[in-house]
Amino acid sequence: MPWFSSEPRDVPKVSTKFRKIVTPIPVPQSLPILQKLHDFEPRSMQGQPPIVWDRASGVNVFDAWGNMWLDWSSGVLVTNIGHSHPRVVAAINQQVAHGLLHNYCFPSEVRAKLAEALAAVAPPSCKKVFFLTTGGETTECAIKLSRTHGKSVGGKRKIGIVTFNSAFHGRTLGAQMAGGSPALKEWIVNLDCAMINVPFPDGFRQRDTRFEVFTDAIARQGMEPQDIAGVMLETYQGGNAAFAPVEYIHSLREWCTKHQIVLTFDEVQAGFGRTGKMWGFEHYGVEPDLFCCGKGISSSLPISAVIGRQDLMDQFGPGSMTSTHTGNPVCVAAALANLQVIREEHLVDNARKMGDILEPELKRIQKRFGPALGSADAKGLVGTIQIVKPGTTDPDASLAQDIVRRCIEKGLLMFAPVGVGGATVKITPPLIVTEEALREGLAVLEESIGESLRG
Ligand code: PLP
C-alpha cells in the first residue's frame, strides 16, 4: 500500500536539539534518487518512508539537505548503541587497516574473541556460538538443529516444529514457514505439514493465555509431543511488543524438557539489551536450548549468531554447518566493540530506566485517545501502540501509517511494520537515548496521534 506520497509536502519548520526539518518532505532534490530506487528495485522495497539517509550518528539520522531526525527506529532495531558509535567505527577502521577483510573457513583471532565474549554473556547452558549473517539464517539453523535432534532422539516421526500465530522469523523458505502470518507464506504452496502454528498468548488478540491453549492447539492439529522436535518463539512478538505470561513460559520450558523438545528463543529483536535485560528471555527466568541473535549484535554491520547447548550445536560434523561469511572479521570487530560499549556504558540499565518512563507514558497516551489505540505495551526500549478499528482488535493500517508519516514530517523517525503486524506504531530508540530525547519524542508522537485522529 503506498502510504507516503512522493509529492513533496510543505511541512512546518522544526528546530530543536534533537530534530530539524527545513524542507518539504519528501525533499524535492531527493526525488531522482527515490525514482532510481523505484525503477531498479523490486516493488517490495517501496514500503519505506521517502527519507534518503545521508549519515547517522548517536540518536540522529541526517539527510543531505539539512534535515535531522530523532531516530525511534534504530534502523529497525539494529543500532542499539546508537548510530556510528565511535568505538564501533574505530574497531571497523582498525580491522580494515590491519588488513584482514575475509577469511571464511580459515580461523581468525578476532572470531575466537567474539565467540568467547558471547558465550561469556550467554546463560550457562548455552556455550557454543555459530556465526551467520542475517537473522533469517539463524532461525533456519535453529529449525535444522531442532529437527536433527528430534530425529536422533525420537526417530523419523519427531520432526514437528511449533511456532506461533503472527510470529516473524525472517523471509527465507523455512523461516517463512515457521512464521505465523498465512498471507506471507501463500507463495510456498506445499507447506511442510509438520510445521504448525499455535496462538501466541499476548493477552490482547489471544485473551486466553493458559498453557493448555498451547497443548490443545497442538492436539487439534493432529500432533503429540512425540511428533515434535522443536518450539520456537520470538521472546516478544515483534508486532506488538507483547511478552507471554511468565507462568506460560515456565510450563513451556518444563514441557519441552520433559518431551526432549528443543526450545528456541528468537532474540533477533530482543537481544543485546533492548528490553532492559541483556537477553529478553531473562524476563521469563528460563534458559533456552538455542537462541537466535542478529540486528543489535553489532549495531552496524551484518552479522548474526545462533547460540546454544553444546550437544545441539555439535550435531553436524566438520564442514557441514558453515556459511561463506561466517564470522567476517570486520563485522566481528564491530560486534566485539558493540558488546564492550553495551557493558561499559551500562546501556542495559539505561534501556530499563527509559522503559520505566516509556511504558506509563504510552499507556497514558492510549487512555487519552481511547478506542483507536487498541493496546500499548513497552518493556525497556521496545514499545508499541496497536492501532485498531475502534471497538475491535482489527488492525487499522492506514491510521497507523498516517501517525508515522506525521511523526516523520515533524522530525521523529518511526516505522510501522507494513505487512507483518499491519498496524503497529513501534517505538525502538537506540539504548543510549536520554530522558530529554525520549520525552521530546513522546510529545511528538502524542501530537501526531491527536492530529491523525482529528483527520
Ligand atoms: N526474527 C525476528 C524476530 C525478526 O524481527 C527478524 C527481522 O525483522 C528476523 C528474524 C529476520 O532477520 P533478517 O531480516 O536479518 O533476516
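**Cavities, second largest pocket and ligand shell**

The lining of the largest cavity divides into four nonpolar and six polar residues, with no charged ones. In this predicted model, the largest cavity holds about 50 Å³ of space. Its lining consists of A167, F168, H169, G170, A175, Q176, G179, G180, S181 and L184. In total, three cavities of 30 Å³ or more were counted.

The overall fold was described next. The secondary structure of the protein comprises 13 helices and 18 strands. The C-alpha atoms fill a box of roughly 65 × 60 × 45 Å along the principal axes. A compact globule of 455 residues would have a radius of gyration near 23 Å, and the value for the protein, 22 Å, agrees with this.

Among the open spaces, the second largest pocket contains about 480 Å³ of space. This pocket is lined by 20 residues, and those nearest its centre are R111, V129, F130, M321 and T322. By class, the lining of the second largest pocket has 11 nonpolar, six polar and three charged residues. Helix 4, which spans 109-121, and strand 6, which spans 128-132, each contribute at least two residues to the lining. Strand 6 provides the largest share of the lining of the second largest pocket, with four residues.

The ligand was examined separately. The residues around the ligand are T134, G135, G136, F168, H169, G170, E234, D266, V268, Q269 and K295. Of these, F168, H169 and G170 also appear in the lining of the largest cavity. The shell around the ligand is made up of two nonpolar, six polar and three charged residues.

Contacts to the ligand involve both backbone and side-chain atoms. On the backbone side, an N or O atom of G135 lies 2.8 Å from an oxygen atom of the ligand. For G136, a backbone N or O atom is likewise placed 2.8 Å from a ligand oxygen atom. On the side-chain side, an N or O atom of D266 is 2.7 Å from a nitrogen atom of the ligand. On its own, the ligand has 390 Å² of accessible area, and the protein covers 78% of that area.

Terms used:
Residues are numbered from 1 along each chain as its sequence is written. This is a predicted model: local features need pLDDT of at least 70, side-chain atom pairs count only at pLDDT 80 or more; totals for chains, interfaces and linings use all residues. Side-chain values use heavy atoms; hydrogens and water are left out. A residue is near a molecule or strand if one of its heavy atoms lies within 4 Å of it. A polar contact is a pair of N or O atoms within 3.5 Å; within protein, one must be able to donate a hydrogen and the other to accept it, and residues adjacent in sequence count only if both atoms are side-chain atoms. Accessible areas come from the Shrake-Rupley method with a 1.4 Å probe; for residues, only the protein chains shown count as cover. Ala, Val, Leu, Ile, Met, Phe, Trp, Tyr, Cys and Pro count as nonpolar, Asp, Glu, Lys and Arg as charged, and the others, Gly among them, as polar. On a 1 Å grid over the protein atoms alone, a cavity is a set of points where a 1.4 Å probe fits but cannot get out, and a pocket is an open set with protein on both sides within 12 Å along at least five of seven lines; lining residues have an atom within 4 Å of a point. Grid points are joined across faces, edges and corners, and a volume is the space filled by probe spheres set on the points. The radius of gyration is taken over C-alpha atoms; the globule rule is 2.2 Å times the number of residues to the power 0.38.
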